[in-house]
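Take a moment with the sequence and the model shown here. This report walks through the fold, then some of its parts.

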Amino acid sequence: MSDILEKIKTYKLEEVANRKAAVPLDEVEARAKAAPPTRGFAARLSDAAREGYGLIAEIKKASPSKGLIRADFDPPVLAEAYADGGATCLSVLTDGPSFQGDDSYLTAARSAVDLPALRKDFMYDTYQVAEARALHADCILIIMASVSDAQAQELEDAAFSWGMDALIEVHDAAELERATALKSPLMGINNRNLKTFETTLDTTRTLSKLVPTDRMIVCESGLNTPEELADMARYGARTFLIGESLMRQDDVAAATRTLLANPATGMM
Ligand SMILES: O=P(O)(O)OC[C@@H](O)[C@@H](O)c1c[nH]c2ccccc12
């Protein structure tokens, strides 16, 4: 049980306990109620996927597997570049210890553009869901590898009650099966194994066949080129979550535009 996901869970539960002691739930809820309205994360993705690709573009400074990814890191500037390049939604890492993220990055990035934003963090407690909304998030992430069925249900219910969407992330057939008990239409297939960091697009090739037709596949991680997107589209993925390969570019807007050009049509 010494995998990275377990380590993250251990410090995250401690972080949440500390935050609860510092800022009572009432106060977080008051901030969440005062937040600007949600922008419709899932709806915008499905609209985009109807005409081409839906892209969730990730604002990510560093990762535990790659270390520092981008030194020149200004979340509002990056958000504008992504919007300019045609991204549909933003994903912003708020986890500090493993990703050098910060809560303020989410609010600042979202306020620079009119795109809906995902709070990218490791969620275990509905307190974090209220926090996400208080930071103006439009969607949360639920990682099936890291939560029980009951926790996943609780987190999803909380997200919906705040008017947010939930991206349900799976990495194997058992997690996918558990995810189908939830209501969210957003089924994220993570090509990266969060326990070992091994990344292969074969994960999407295999799991896409098991996704019920009423769910939207979000193909996540390890995507670099338009050819790879077209390949994944043949397996039914029309929406993508991409961070590192775009974060490494000098001209993020141009790179985003290139990636989204000439979307594949039709399925295998
Ligand atoms: O940077 P990449 O390989 O394009 O991947 C983005 C995103 O999928 C990845 O950051 C991610 C997917 N699921 C996560 C869960 C937690 C933290 C990060 C992630």
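The sections below go from the overall fold to strands, a helix, the ligand surroundings and a few loop residues.

**Overall fold**

This is a predicted model. The UniProt record, an unreviewed entry, places the feature "domain: Indole-3-glycerol phosphate synthase" at residues 5-259. Over residues 5-259 the chain is 45% helix and 17% strand. The end C-alpha atoms of that stretch are 30 Å apart.

Eight strands form a closed barrel. Its order is β1-β4-β5-β6-β7-β8-β9-β10, and the pairing is parallel. Neighbouring strands of this sheet are turned by 25° against each other on average, direction ignored. Strands of a sheet pair through backbone hydrogen bonds, either parallel or antiparallel.

**Four strands in a row**

Start with β6, residues 139-143. This strand pairs with β7 in the parallel sense, over five bridges. Cys 139 stands opposite Asp 165 in β7.

Next comes β7, residues 165-170. It pairs with β8, residues 186-190, over four bridges, again in the parallel sense. Here Val 170 has Ile 189 of β8 as its bridge partner.

Then β8 pairs with β9 over five bridges, also parallel. Leu 186 has Met 216 of β9 as its bridge partner.

How many residues of β7 are buried? Six of its six are, so the definition of at least 20 other C-beta atoms within 10 Å is met by each. In a regular strand the side chains alternate between the two faces of the sheet. In β7, both faces are covered. Asp 165, Leu 167 and Glu 169 lie on one side, while Ala 166, Ile 168 and Val 170 lie on the other. Two of the residues already met, Asp 165 and Val 170, are thus among the buried ones.

β9 is mostly covered too, with five of its five residues buried. Both of its faces are covered. One side holds Met 216, Val 218 and Glu 220. The other holds Ile 217 and Cys 219.

**Around the ligand**

Which residues come nearest the ligand? Of the 15 residues around it, these are Glu 220, Ser 221, Leu 241, Gly 243 and Glu 244. Two elements give two or more residues to this shell: β10 (239-242) and α11 (244-247). Glu 220 also appears among the buried residues of β9. By type, the shell divides into four nonpolar, five polar and six charged residues.

**A helix with two sides**

Helix α3 covers residues 41-51. Its buried residues include Phe 41, Ala 42, Leu 45, Ala 48 and Ala 49. Why do these count as being on the same side of α3? They cover an arc of only 130° around the axis, which puts them on the same side. On the other side of α3, Asp 47, Arg 50 and Glu 51 are exposed.

**Residues outside helices and strands**

Four residues outside the helices and strands deserve a look. Asp 214 lies in the loop between α9 (202-207) and β9 (216-220). Lys 209 is found in the loop between α9 and β9 as well. Gln 100 has its place in the loop between β4 (89-93) and α5 (103-112). Asn 262 lies in the segment after α12 (252-260).

Are these residues exposed or partly exposed? The table gives the neighbour counts.

| Residue | C-beta neighbours within 10 Å | Class |
|---|---|---|
| Asp 214 | 8 C-beta atoms | exposed |
| Lys 209 | 10 C-beta atoms | exposed |
| Asn 262 | 11 C-beta atoms | exposed |
| Gln 100 | 18 C-beta atoms | partly exposed |

The cut-off explains the classes: a residue is exposed with 12 or fewer such atoms, buried with 20 or more, and partly exposed in between. Gln 100 counts as partly exposed because its number is 18.

Two distances help to place the residues of the α9-β9 loop. The C-alpha atoms of Asp 214 and Ala 109 are separated by 31 Å, and the two are 105 residues apart along the chain. Those of Lys 209 and Ser 146 are separated by 23 Å, with their positions 63 residues apart along the chain.

Backbone angles add one more point. Most residues other than glycine have a negative phi, and most peptide bonds are trans. Gln 100 has a positive phi, near 50°, and is not a glycine. Asn 262 also has a positive phi, of about 55°, although it is not a glycine.

Notes: Residues numbered from 1 in each chain as written. Predicted model: local features only at pLDDT ≥ 70, side-chain atom pairs only at ≥ 80, totals over all residues. Pairing = 2+ DSSP bridges. Axes fitted to C-alpha atoms, helices over the stretch in contact; angles between N-to-C directions. Near = placed C-beta within 6 Å. Nonpolar A, V, L, I, M, F, W, Y, C, P; charged D, E, K, R; others polar. Arc of directions from axis to C-beta. UniProt positions renumbered as here; feature names shortened; annotations may be inferred.
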